[in-house]
Amino acid sequence: MLKIQDDTYIKRTLKFLATTLLIFLITFILAIIFSPSIETFKSATNGTPNTLAKAQGLHKVCEYILNNGFKVPFQMLILAIIPIPFLYYLNIITTTVPMGIAFGFVLNHDLDKGSMMIVASTPHFIIEILGFCFIASALFKVNQTIIRKISNLLRKDKKQNLSFKLSIINLLKIYFFISLPLIMIAAFMETYLAELLLNLLT
């Protein structure tokens, strides 16, 4: 049932992950060098929904899953339908860059406490981003099939059309059996493990 008819989806996922971590690292280093102001920090974290910021315990886990497990992937799907390559990747960038700025800010503000917060936050961040990268890998094929169908309408020498149905089936399998479980794990880690690690480190 989990057999995914796409031999390169894991390789693409790792490429997306490597690119994302590189963007994060560059943002983090720049944030350390240029020491972002409190205004920059606030604007970078303004994307967090109010319901998520105020939630606690299991309610917070549910809000994380609702936002990161359903809302964000749906936004990525809508962007993937637009016949522009990698547009769906913008959602991952808008998650990664603010995190890099936030890490740089807390490190500049207080080296000891900032380091502890970064150590506590890194595990769930990596797993969450990995979940998004799996979705992006699946959406790559969806987007590619749409672009191929449209480009074939405009050229004399037609290229072989890719199966849109197969790309959607693979997307659903990757989402429900890989990405969503990873995002759910990240939600529990962000709610409970991050706080536990922070308490142990302080």
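User: Is the crossing in which α1 passes α6 left-handed or right-handed, and what decides this?

Analyst: Helix α1 passes α6 in a right-handed crossing, a term used when the near helix is turned clockwise from the far one by less than a right angle, whereas an anticlockwise turn would be called left-handed. The contact draws on Y9, R12, T13, F16, L17, T20, L21, F24 and F28 from α1, and on I118, F125, I126, I129, L130, C133, F134, A136, S137, F140 and K141 from α6, where contact means heavy atoms within 4.5 Å. These contact residues divide into 15 nonpolar, three polar and two charged; here Ala, Val, Leu, Ile, Met, Phe, Trp, Tyr, Cys and Pro count as nonpolar, Asp, Glu, Lys and Arg as charged, and the others, Gly among them, as polar.

User: What kind of model is this, and how are its residues and atoms treated?

Analyst: This is a predicted model, in which local features need pLDDT of at least 70 and side-chain atom pairs count only at pLDDT 80 or more, while totals for chains, interfaces and linings use all residues. Residues are numbered from 1 along each chain as its sequence is written, and side-chain values use heavy atoms, with hydrogens and water left out.

User: What makes α1 and α6 oblique to each other?

Analyst: Their axes, lines fitted to C-alpha atoms over the stretch in contact, are 8 Å apart and the helices pack at an angle of about 135°, on a scale from 0 to 180 degrees between N-to-C directions. Angles under 35 degrees count as roughly parallel, over 145 as roughly antiparallel and 65 to 115 as roughly perpendicular, with the rest called oblique; the angle of about 135° falls in none of the named ranges, and the pair is therefore oblique.

User: Why do α4 and α6 count as roughly parallel?

Analyst: The axes of α4 (residues 57-81) and α6 (residues 111-154) cross at roughly 25° and come within 9 Å, so that the angle meets the criterion and the two helices are roughly parallel to each other. Here too the crossing is right-handed. N68, V72, P73, M76, L77, A80 and I81 of α4 make the contact with E128, F132, I135, A136, L139, N143 and I146 of α6, and these residues divide into 11 nonpolar, two polar and one charged.

User: How do you know that D6 and R12 form a salt bridge?

Analyst: The closest N and O atoms of R12 and D6 are 2.6 Å apart, and a salt bridge requires a side-chain nitrogen of Lys or Arg within 4 Å of a carboxyl oxygen of Asp or Glu, so the pair qualifies. The structure holds one salt bridge.

User: Why are R12 and D6 called buried?

Analyst: Buried means under 20% relative accessible area, exposed over 50%, and partly exposed in between, with a 1.4 Å probe and protein chains only. R12, at 11%, therefore counts as buried, and D6, at 9%, is buried as well. Over the 202 residues of the chain, 41% count as buried.

User: Which residues does S137 touch, and is S137 buried or exposed?

Analyst: S137, in helix α6, has a relative accessible area of 0% and is therefore buried. Leaving aside residues up to four places away in sequence, S137 touches Y9, R12, T13 and F16. One of these, Y9, is found in α1 (residues 9-34) and counts as buried at 13% relative accessibility. With the same sequence exclusion, Y9 touches I4, F134, S137, I174 and I178. Y9 also lies 9.4 Å from N170, C-alpha to C-alpha, although 161 residues separate the two in sequence.

User: What makes F86 partly exposed, and what is its phi?

Analyst: F86 has a relative accessible area of 44%, which lies between the two cut-offs, so F86 is partly exposed. F86 lies in the loop between α4 and α5, and its phi is near 65°, a positive value in a residue other than glycine.

User: How many helices and strands are there, and what counts as one?

Analyst: The chain has seven helices and zero strands, where helices (H or I, at least four residues) and strands (E, at least two) are DSSP runs numbered from the N terminus.
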